[in-house]
Every structure is written in structure tokens, then in C-alpha cells.
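Open the model in your viewer with the cartoon and side chains available. The stops below go from one strand to its neighbours, then to a cavity and the cysteines.

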Amino acid sequence: MNKMISYMDFTSPSVQYSYDLRNNPLMRKDDRNYINSLSVKQLNTLGNVSLLDIFLSKSNIVEPHTHQNASELVYCISGAAVVSLINPFTKKLVNIPISPGQVGNIPQGWWHYEIATVDNTHLLAIFDAPIPEFIAGSDMLRLTPAEILSHSYCLDEALIKEALAPITKTVVIGPPANCHQRHHAQDYEQSNIPHTNLRDQNGYAQQQWVIGNGGHL
């Protein structure tokens, strides 16, 4: 594994040892759904590590995305969430329910997303890179020409354009605040989303629900 070499001059008056993440908001959807970030850009003594401080209310999701330069360890501080990833080798979707004290790990470059299953969920995402790179699913969908998607997968081009038209920018935390779909994600818990009976690290049954089978942060 490559290890970053630090050329920091620790005798410099500009050396930094602490930082308040509230001073570096990455994305804010509302008062209950927002992300603060920390990288070597904010704290110059950081080595090969960075993090995101993630706050979510129930059914809000960190949209499907990849980090092409970093693995991600998601630690649950409070609340509960499901970390979902696609294993590119087995072609299977893996759903990892986490509650306080538990982690989910996403290998470098894998497609994944995190969704809160209760209100007041607080997650810490830790990366093994000084500046994690982020490729958002919303960008892939809105920037790939509809005719290419239609041609590649034998889909109706008009329907693709209609379906993807509302995606006009990078989402990060979904669903967008202006989403007016008849069925919101929170409605799916009782209807469309299959429940999975899983057990936590202490052997207690957990009932969780799951959805679905760049730039620098």
C-alpha cells in the first residue's frame, strides 16, 4: 500500500493541529441533513486520512457515488443507517445495517450509498486519502446523453429524458428538498422496500429496510 510522505515543516508558524468542522460545510440540505468535511486543505498536519461528518434524518440518503482514490469506513455515532454497496466482482448488492458503535466498510472505487433509517442519525465517514475524490450518481445520470443511455440499454429515449430532467445539479443528499413525488422514501418502509432480518454484533435481531437491489470533497 502506498503511504503518503509528509513534507510539512513542523517548525513553521502556519502548522495546524486542530480544526472545527463546522467551519467547512460540504453540503446543507436543511437543519437536519448536512455534511461537514475535513481534509488536508483544512488541517495541514493530516497524513493519509480525511473525514466527513454526516447528519441525516430518516429516509435521507447520501446519494449513490464512488470514491476512486479512497476506501471509506462509515462509523455510526447515533441513530441508525444502512450502508449499501455493490461488489463489482460478485455482482451482488450488499446491505450493512449499522447502529451506534458499528461500522460499514466500502473498498476503494466501489459504488455505494448510505440511508438513515431513523431521525437524528450521525455518521462519521473516514477515508484513507488526504483529499477524497467524489463521483456522484446524479452527475453520471445528468451528464450522460439520453441517446447514449437509450442506445446502450435499448431504452425509450423520450422516457429517459423525462425521468432525468429534474436532475439539474449534483444532489449529494437526497431526495432533493423540492421533491414532490407521490411516494416519498419514508412511505416505502411499509410498502415497496423488503425488510431484512439481521443480527447486530451482540446477536440481537435488527429489522432494517434497504433500497434497491468527480470532484474533490
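Select β2, residues 33–38, in this predicted model. Both of its faces are covered. Asn 33, Ile 35 and Ser 37 are buried on one side, and Tyr 34, Asn 36 and Leu 38 are buried on the other. That makes six of six residues buried in the strand. In general, side chains in a regular strand alternate between the two faces of the sheet.

Next, add β1, residues 25–30. β1 and β2 run antiparallel and are joined by four bridges. The connection between them is a hairpin through two residues. For a reference point in this pair, pick Met 27, which stands opposite Ile 35 of β2.

Now show β3. This strand also pairs with β2 in the antiparallel sense, over five bridges. Here Tyr 34 has Phe 55 of β3 opposite.

Turn on the cavity display. Which residues are closest to the centre of the largest cavity? The volume of this cavity is about 60 Å³, and of its twelve lining residues, Ile 35, Leu 52, Val 62, His 65 and Phe 134 are the closest to the centre. Select β3 (50–56) and β4 (61–66) together: each supplies at least two residues of the lining. By class, the lining has nine nonpolar, two polar and one charged residues.

Finish with the cysteines. Cys 154 is exposed, at 72% relative accessible area. Cys 179, at 19% relative accessibility, counts as buried, the cut-off being under 20%. The structure holds zero disulfides.

How values were computed: Residues numbered from 1 in each chain as written. Predicted model: local features only at pLDDT ≥ 70, side-chain atom pairs only at ≥ 80, totals over all residues. Heavy atoms only, no water. 1 Å grid on protein atoms, 1.4 Å probe; cavity = no way out; pocket = protein on both sides within 12 Å on 5 of 7 lines; lining within 4 Å. Points joined across faces, edges and corners; volume = space filled by probe spheres on them. Nonpolar A, V, L, I, M, F, W, Y, C, P; charged D, E, K, R; others polar. Disulfide = S-S within 2.5 Å. Buried < 20%, exposed > 50% of the residue type's maximum accessible area, 1.4 Å probe, protein only. Pairing = 2+ DSSP bridges.
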